[in-house]
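Grab a pencil and open the model in your viewer. Each exercise below gives a task and then walks through a solution.

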Amino acid sequence: MPEYHLVQTGTTPVGPFCHATEADGWVFLTGQMPTDPVAPDAPLPQGIAAQSERVLENLRIVLEGIGLSLSDVVQCRCYLTEFERDFDAFNTVYMRYFPEGARPARTTIGVTALAVGALVEVDMMARRGAG
């Protein structure tokens, strides 16, 4: 049976979903927005670098809340509303979270819009014991 995780220190979900679902050691993290987990109604950070940082920190909070870390991540899907403009800046932030030689598989997709007017969203798949 799947286990549904709602992490107390995580962001307030912007829709009807949990932070992560786990089955047979696989953990599927819901895409995170660049919202502040402490002040969900605060304005979003300005610019792709600040929003990317907030999204990846929000994902780290979820991982840590269920006893995992970024080293357990095996796959990421990244969504950018301004792909051509923001791809390089997003990668600069992303590489600080996943060092060379330990980067998960990844897909990055340009989209027309994201919830809460975000510039970026990232979801992840992790595996217990992967790191």
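**Exercise 1: Lay out the sheet**

β3 and β6 pair in the antiparallel sense over five bridges; pairing requires that DSSP finds at least two bridges between two strands. Helices (H or I, at least four residues) and strands (E, at least two) are DSSP runs, numbered from the N terminus. Before you start: this is a predicted model, where local features need pLDDT of at least 70 and side-chain atom pairs count only at pLDDT 80 or more, while totals for chains, interfaces and linings use all residues. Residues are numbered from 1 along each chain as its sequence is written, and side-chain values use heavy atoms, with hydrogens and water left out.

Task: work out the strand order and find which strands stand at the edges.

Step 1. Start from the β3 and β6 pair and find a bridge: Q32 has V122 in β6 as its partner.

Step 2. Go on to β4, which runs antiparallel to β6 and is joined to it by seven bridges. Here V73 sits opposite A126 in β6.

Step 3. Now β4 and β5: this pairing is parallel, over six bridges, and C76 faces R106 in β5.

Step 4. Put it together. The six strands make an open sheet with mixed pairing, ordered β1-β2-β3-β6-β4-β5. β1 (3–5) and β5 (105–110) are the edge strands; each has a single partner, so one side of each lacks a neighbour in the sheet. From one strand to the next, the twist averages 15 degrees.

**Exercise 2: Place the helices**

Task: say which strands α1 and α2 touch, and at what angles they run.

Step 1. Contact means heavy atoms within 4.5 Å. Axes are lines fitted to C-alpha atoms, for helices over the stretch in contact, and angles run from 0 to 180 degrees between N-to-C directions.

Step 2. α1 packs on the sheet and touches β2 (20–23), β3, β4 and β6, with its direction about 30 degrees from that of β6.

Step 3. α2 lies across β4, β5 and β6, and runs at about 150 degrees to β5.

Step 4. Check the handedness: β4, α2 and β5 form a right-handed β-α-β unit. Right-handed here means that, with the strands pointing away from you, the path from the first strand over the helix to the second runs clockwise.

**Exercise 3: Find the cores**

Task: which elements each supply at least two residues of the largest nonpolar core, and which one gives the most?

Step 1. A nonpolar core is a set of buried Ala, Val, Leu, Ile, Met, Phe, Trp, Tyr and Cys residues joined through side-chain atoms within 4.5 Å. Buried is under 20% relative accessible area, exposed is over 50%, and partly exposed is in between (1.4 Å probe, protein chains only).

Step 2. The largest core has 27 residues, and L29, L63, C76, F90, F98, V122 and M124 have the most contacts inside it. β3 (26–32), α1 (48–65), β4 (73–80), α2 (83–97) and β6 (120–127) each supply at least two. α1 gives the most, with six residues.

Step 3. Zoom in on L29: leaving out residues up to four places away in sequence, its contacts are H19, A20, L59, V62, L63, D123 and M124.

Step 4. Apart from the largest core lies another one of five residues, including M33, L44, L114 and A118. As for β4, six of its eight residues are buried.

**Exercise 4: Track the salt bridges**

Task: how many salt bridges are there, and what does the pair R128 and E22 tie together?

Step 1. Count them: a search of the whole structure gives five, taking a side-chain nitrogen of Lys or Arg within 4 Å of a carboxyl oxygen of Asp or Glu.

Step 2. R128 and E22 meet at 2.6 Å, N to O. R128 is in the segment after β6 and E22 is in strand β2, so the bridge ties together parts 106 residues apart in sequence. R128 is partly exposed at 34%, whereas E22 is buried at 10%.

Step 3. E53 and R96 pair up with their closest N and O atoms 2.3 Å apart. This one links helix α1 to helix α2, across 43 residues.

Step 4. D123 bridges to R77 at 3.0 Å between the closest N and O atoms. D123 is buried at 9% relative accessibility, and R77 is partly exposed at 38%.
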